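Me: Could you walk me through this model? I'd like to take it one piece at a time.

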Amino acid sequence: MSNFLEDIIEKDLSSGHAKTIKTRFPPEPNGYLHIGHAKSIHLNFGLAKKYGGEFVLRFDDTNPLKEDIEFVNAIIEDVLWLTNLKKEELKVNYASDYFGIKYECAISLIKKGLAFVCELMPDEIRRSRGTFEKKGTNSPFRNRSADENLRLFEDMKNGKNSFVLRAKIDMSSPNMNMRDPIIYRVIKDAHHFRQGYKWKIYPMYDFAHPIQDAIEGITHSICSLEFEDHRPLYDWTLDNVFDIIQNASQNKKDNIPHSSLPFRSRQYEFARLNVSRTIMSKRYFKTLVDEKKVDGLDDPRMPTIAGLRRRGYTSSSIRNFCLSVGVAKANSEVDTRQLESFIRNELNATAPRAMVVLDPLELEITNFDDTHKRLLDFSYNITVGTDTLSIEKEVSRKINFSKKIFIDKSDFLLDPPKNYNRLTPDGFVRLKSAYIIKHISHEKNEDGSIKKVFAEIVPDSLSGNDTSGVKAKGVIHWVDQKTAINAKVKLYDYLLNEESDGDFLDNLNKNSLVTVNAKVEKHLEKSKQGQSFQFLREGYFVRDEKEKDLSFNRVVALKDSFKM
């Protein structure tokens, strides 16, 4: 079933309004991308791909006070990762490449009597705009002559004043965005990462955006719903400067590619992606980092693309999640468990199984001869097949077994609750892919906690060849003590508590990160950074891509309570 944007595109292609499709993703390089941006990227990239068109990554680098090349590089890396494009396949443009044309467009508006230099202070401009119930009042500088405005605008360009250039539209418009909006402001002595100190005036986004779309031939300018009220200004701008863009294109000015033709672009809005228990604000991201609530913008608890990648999410799981959300015209919130279900399903089919003990307790087997090395078949099932047909396939590998092993402390209780199916003083339990064991005795620490457990193997109870006749309560995982190695395991949880009232800092989950020193199988030492595993009975984990020592991040727990 097609969405409303696909219906529009197909109509435009069939009517001849557009001969081909060209879309863009236009981030400002003032921070890292987050999961909400992923939806926009996949939407714009997916539409261009579906209709044989072109996709452009265009940086809105119009504010040198907030932007940095670090964010440019991070965004490019994220887009390449999400789209699976090679670097040479991704078309990258910059708003700053077109500053010359935008300046010419501003000059044209002044000459047409459609823009004026305003000396009012920012708070005075805000007050003069009025409210939704009250019309705005004209600036006392609104009726200056074109010559005077040109002179003052030139002074702005040279950094001789700190005025603004405003479009002259309608201060009584019911749309606040049309009440003589600011289209240029002065930013003095600020270094631009591409233009250096060449420019002292910079265009506002609402003015720059439609001009850039027209220059690049963007046929469908797809924005999130909060830009719906900005669409009249988008159209007003192109209505009044398109002739300048056409002239610049014909004369190949300001880095316009020869193959590029101006296009009377149109803007369309879709509902942005909101995910429960997640923040989607660059300002909040900065606060979390500045106050050291998280370990950087790529902290695995962060909903940034970099954070999700380090957490262990795959580009395909994020893409499938975005596709499942669909394209709508009304904002709504998506349960974060829906995102988790996609990575869980994927890793269930692809992640190798391993045994890891997060909270180690030593267990000694009293009736096992440890003089000879014993290798057992570690058997487990993996899911193979396609999206429409999948089957469980049993696979195995060799693991070492010796007299002393580690089990998890929670897998032995002296006074177990009802329906506890692990090791108890009077019960039997099977060690995964090994033997059934029975508790014999135990040692305690001074505080009363269990220090060590002694158990014995039930004869003839080896997994796969069990003739003992003993029925075990359950199966627990373990790690051989002789060959076990140490690893740091980070157990990540939601960054926010379920209740989200009040200041977001007050709502941070204090247990969003718990770090434990675990005992893991030796073969994990050879794992690669970014490689994922299913740790039996614990969840899905990925080897951290930044930590030099052996460290694993929990991607998601095993259980899934979300129903699609």
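**Aspartate 180 and beyond**

Reply: Leaving aside residues up to four places away in sequence, aspartate 180 touches Phe116, Arg129, Arg142, Arg166, Ala167, Lys168, Ile169, Asp170 and Met171, where contact means heavy atoms within 4.5 Å. This is a predicted model, in which local features need pLDDT of at least 70 and side-chain atom pairs count only at pLDDT 80 or more, while totals for chains, interfaces and linings use all residues. Residues are numbered from 1 along each chain as its sequence is written, and side-chain values use heavy atoms, with hydrogens and water left out.

Me: ok, and is aspartate 180 buried or exposed?

Reply: Aspartate 180 is buried, with a relative accessible area of 0%; buried means under 20% relative accessible area, exposed over 50% and partly exposed in between, with a 1.4 Å probe and protein chains only.

Me: where does aspartate 180 sit, then?

Reply: Aspartate 180 is in the loop between β5 and β6, with helices (H or I, at least four residues) and strands (E, at least two) taken as DSSP runs numbered from the N terminus.

Me: which backbone nitrogen lies 2.8 Å from a polar atom of its side chain?

Reply: That of isoleucine 169 lies 2.8 Å from a polar atom of the aspartate 180 side chain, and the same side chain reaches the backbone nitrogen of aspartate 170 at 3.5 Å. A polar contact is a pair of N or O atoms within 3.5 Å; within protein, one must be able to donate a hydrogen and the other to accept it, and residues adjacent in sequence count only if both atoms are side-chain atoms.

Me: switching to α6, which residues are buried there?

Reply: In α6, the buried residues are Asn149, Leu152, Phe153, Asp155 and Met156. Seen down the axis of α6, they fall within an arc of 155 degrees, so they line one face of the helix; the arc is that of the directions from the helix axis to the C-beta atoms.

Me: and what covers them?

Reply: The cover includes α4 (99-111), β4 (115-118), β5 (164-167), β6 (182-186) and β7 (201-203). Just after α6, glycine 159 takes a positive phi of about 75 degrees.

Me: last one, what is the strand order in the open sheet of three strands?

Reply: The order is β1-β2-β3, with parallel pairing, where two strands pair if DSSP finds at least two bridges between them. The edge strands are β1 (22-25) and β3 (91-94), each of which pairs on one side only.
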